[in-house]
Amino acid sequence: MISVIEPATAEVMAEVPRAGVEEVDAAVAAAKAAFPAWRAVAPADRARLMRQIADGIEARLEELSTLEARNAGKPINDARGEIGMVVDTFRYYSGAPERLLGQTIPVAGGVDFTFREPMGVIGLIVPWNFPLAISSWKVAPALAAGNTVVLKPAELTPLTALELEKVVLEAGLPEGVLNVVAGPGRTCGNRLVEHPDVAKIAFTGSTEVGRGIAAGAAQTIKRVTLELGGKSATVIFADADIEAAAAAAPSAVFGNAGQDCCARSRILVERSQVDRFLEAMEAAVNKITVGDPLDEATEMGPLISASHLETVSSFVPDDAPVAFRGRAPDGPGYWFPPTVLSPVTNSDRPAREEIFGPVACVIPFDGEAEAIRIANDTEYGLSGSIWTGDGGRALRVARQIDTGVLSINSNSRQVSTPFGGFKQSGIGRELGPNALDHYTEVKNVFYATEESG
Ligand code: NAD
């Protein structure tokens with residue numbers, strides 16, 4: 001059994017069966033058996049079934065939000081937002097079955113056209129930080145395109161994925177179309193990666209594990225999409241609305257207690273404005289309510305586990321340059337206060353490694369060219385923000401930062417827009433129309449029209 005821990009209390013909140021290699025093999029066999037019938041479902045019917053999944057999740061929004069808030073330690077209001085996004089994601093991709101268009105291509109001697117075919121059984125491996133939201137970013141486009149799936153949630157947060165399996169059956173999808181295996185990465189995840197009947201792996205998690213998955217998938221030439229780590233920068237120019245940038249900075253880096261691949265954990269501030277920025281950000285950080293995830297007033301919860309608390313703490317030793325920090329409960333539970341380090345250079349460890357906790361580095365810069373150089377001086381390239389009052393500069397800088405997702409004078413993410421990383425932050429894009437390219441194969445057909453003889 002897996003003992004599922006509630007991070008706010010450090011107590012066991014549920015026991016669920018621990019899947020192993022045999023369960024993965026059974027799930028893949030079920031998905032393989034279900035594939036021919038599922039791909040043959042008429043597009044309008046598949047679209048309707050997708051909408052019914054969205055309706056089923058919406059009907060259980062409060063229950064699923066509470067489960068996610070307790071299991072992942074996230075504020076209940078954030079959890080409601082995430083489950084709402086899951087509903088939106090299924091609704092968005094319910095439009096896909098009837099819009100997976102091919103092309104006609106002008107050629108001599110006949111008609112040439114393409115189909116977007118499903119791939120077969122897709123293995124989905126997801127992390128613990130946004131358990132159901134990230135699952136839905138993969139499950140919805142995969143099913144909409146006519147694939148069947150085996151979903152492996154993180155061992156720490158399997159509960160909402162197991163509920164999704166029920167919702168999907170209640171919505172009327174056939175058995176075997178979605179299969180959930182809750183078990184460890186090194187057994188269940190690894191078996192999915194090596195299984196000869198799995199056509200593709202869609203993975204979200206650390207760059208280190210992603211590297212191993214890419215290598216493992218190469219053995220059977222599996223398609224792979226990877227959403228990996230980040231070390232994103234917010235770039236704040238002196239001509240920006242500094243108070244607005246400082247007010248927005250905490251949610252950009254401390255949201256989900258910093259356990260967000262998009263966390264803008266490097267805050268680059270033009271040197272003349274550093275003191276003014278720090279003063280305004282300190283006021284904003286002092287207002288963050290850290291505590292019980294189920295309290296409606298809570299804005300930040302605990303970290304996911306005792307070992308993760310130890311890792312995050314290692315980035316803030318006693319001699320760390322802590323400019324200021326907020327408050328957090330003493331325990332039980334895995335609490336860490338929102339913490340701002342300043343001054344920091346981009347070569348210091350907290351500015352180079354993904355901390356995945358509520359720790360921000362403020363890094364001064366002089367001028368546009370240096371801001372771009374520092375922002376790009378990382379092995380990652382996932383997210384980022386630019387704050388400036390100069391529209392031309394905003395676009396000029398945006399074009400030069402090597403990152404998959406940028407926002408200007410805001411921080412945002414929507415299901416209708418592509419999401420993914422440059423460099424070691426990943427391969428491929430999720431969400432938006434682009435995701436469907438990663439769950440279909442293009443088939444080209446030539447039909448001869450010349451009279452024979
Ligand atoms: P992780 O890499 O440890 O685990 C992710 C998933 O992979 C889990 O389900 C785990 O069981 C599984 N896994 C572990 N070892 C495996 C193996 N050898 N073979 C197959 N599967 C294996 O990541 P985590 O600690 O759960 O999540 C945090 C990481 O995820 C951070 O690095 C974060 O940046 C990243 N992340 C990225 C995105 C994104 O979209 N780019 C989103 C969220 C999180």
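The following dialogue examines the domains, the ligand surroundings and the salt bridges of a predicted model.

Modeller: In this predicted model, local features need pLDDT of at least 70 and side-chain atom pairs count only at pLDDT 80 or more, while totals for chains, interfaces and linings use all residues. Residues are numbered from 1 along each chain as its sequence is written, and side-chain values use heavy atoms, with hydrogens and water left out.

Biologist: What makes up domain 1 and domain 2 of the chain?

Modeller: The domain assignment gives 2-228 + 425-445 as domain 1 and 233-416 as domain 2; such bounds come from an automatic or database domain assignment. The C-alpha centres of the two domains lie 30 Å apart. Their contact (heavy atoms within 4.5 Å) takes 36 residues from domain 1 and 29 residues from domain 2.

Biologist: How much area do domain 1 and domain 2 bury between them?

Modeller: The buried area is about 2500 Å², with 62% of it on carbon and sulfur atoms. Buried area is the accessible area (1.4 Å probe) that two parts lose on being put together, summed over both, so the value covers both sides.

Biologist: Why is the pairing of R80 with E296 called a salt bridge?

Modeller: The term requires a side-chain nitrogen of Lys or Arg within 4 Å of a carboxyl oxygen of Asp or Glu. The closest N and O atoms of R80 and E296 are 2.9 Å apart, and the pair therefore meets the definition. Between domain 1 and domain 2 the count is one salt bridge.

Biologist: Which helix gives the largest share of the side of domain 1 that touches domain 2?

Modeller: That share, nine residues, comes from helix 4. Helices (H or I, at least four residues) are DSSP runs, numbered from the N terminus.

Biologist: How do you know that E354 makes a polar contact with the ligand?

Modeller: A polar contact is a pair of N or O atoms within 3.5 Å; within protein, one must be able to donate a hydrogen and the other to accept it, and residues adjacent in sequence count only if both atoms are side-chain atoms. A polar side-chain atom of E354 lies 2.5 Å from an oxygen atom of the ligand, so the distance falls within the cut-off. A nitrogen atom of the ligand is also 2.7 Å from a polar backbone atom of L228.

Biologist: Where in the chain do K166 and E163 lie?

Modeller: Both belong to helix 6 (residues 159-170), and because they are three residues apart, about one helical turn separates them. K166 forms a salt bridge with E163, the closest N and O atoms being 2.9 Å apart.

Key: Helix = DSSP H or I, 4+ residues; strand = E, 2+ residues; numbered from the N terminus.
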